[in-house]
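Please look over the fold and the packing of the chain shown here. The briefing below takes up its helices and its nonpolar cores.

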Amino acid sequence: MSSRIITLPNLLTMFRMVMIPVFVSFLFYQKFGWALVVFMLAGVTDGLDGLLARRFNQKSQLGTILDPIADKLLLVTSFIVLSMPSISPQPLPRHFPVPFWVTAAVISRDIFIIVGAAAINIVTGFKGFRPSWLGKVNTAIQILAIAAILVAASIPRVSGYLPTVYTTVFAFAVFSGIHYVYFASRLLNEERRQGEEVSSDSGDASS
């Protein structure tokens, strides 16, 4: 894992973070078509930075930190802004803006995981946290949901599917948050077991 900062994948990740205020500005001024274009561009850069990091062996410590932060910033910001009544387009689509309970579930899940991981790290020193498969699915669901919401905002007559989108996002946020508790416990137990095996092997070797 490289400690370099200036790599092409990292530049793409930083570019994605820079696009967040541009995306929010388009939402604020109800330019939902342009907001969708920016959001899709952010998705393309998200895929490219990982691909380039693997293809050209440019994985870096900074990239492993910035990439999920950029994703979460974009998604959380999207749900917060799309929950604001002031950005609702005219004519107002059905089921718009995004209900607050959906946004609350998205934000609460991430806060719950971050606070829980920090507490475990302070108490046990464990640092081997990594995304669960359900967490990755949850992120993909949220990305698709934002795109679907922006399409409905741009074309109000097709907004009838939004309740299904909201329910799906809420369900995956809750279930993936609960699942991560068991996932993190398993990671912690695996590290403890490996530590005990190393200690046992060291004891056998010294004897």
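What follows goes from the overall fold to one helix and then to the cores.

This is a predicted model, in which local features need pLDDT of at least 70 and side-chain atom pairs count only at pLDDT 80 or more, while totals for chains, interfaces and linings use all residues. Residues are numbered from 1 along each chain as its sequence is written, and side-chain values use heavy atoms, with hydrogens and water left out.

**Overall fold**
- The chain has six helices and zero strands, taken as DSSP runs (H or I, at least four residues, for helices; E, at least two, for strands) numbered from the N terminus.
- Buried residues, meaning those under 20% relative accessible area with a 1.4 Å probe and protein chains only, make up 37% of the 207 residues.

**Helix α1**
- The 21 residues of α1 (residues 8–28) should span 30 Å at 1.5 Å a residue, and the end C-alpha atoms are 31 Å apart, which agrees; the expected span is 1.5 Å times one less than the number of residues.
- The buried residues of α1 include R16, M19 and F23, and α1 is followed by Q30, whose phi is positive, near 60 degrees.

**Nonpolar cores**
- In the largest nonpolar core (buried Ala, Val, Leu, Ile, Met, Phe, Trp, Tyr and Cys residues joined through side-chain atoms within 4.5 Å), which has 31 residues, F23, L82 and L150 touch the most other members.
- The largest share of this core, seven residues, comes from α5.
- Leaving aside residues up to four places away in sequence, L150 touches F23, L27, F32, A35, L36, F39 and L82, where contact means heavy atoms within 4.5 Å.

Note on methods:
Buried < 20%, exposed > 50% of the residue type's maximum accessible area, 1.4 Å probe, protein only.
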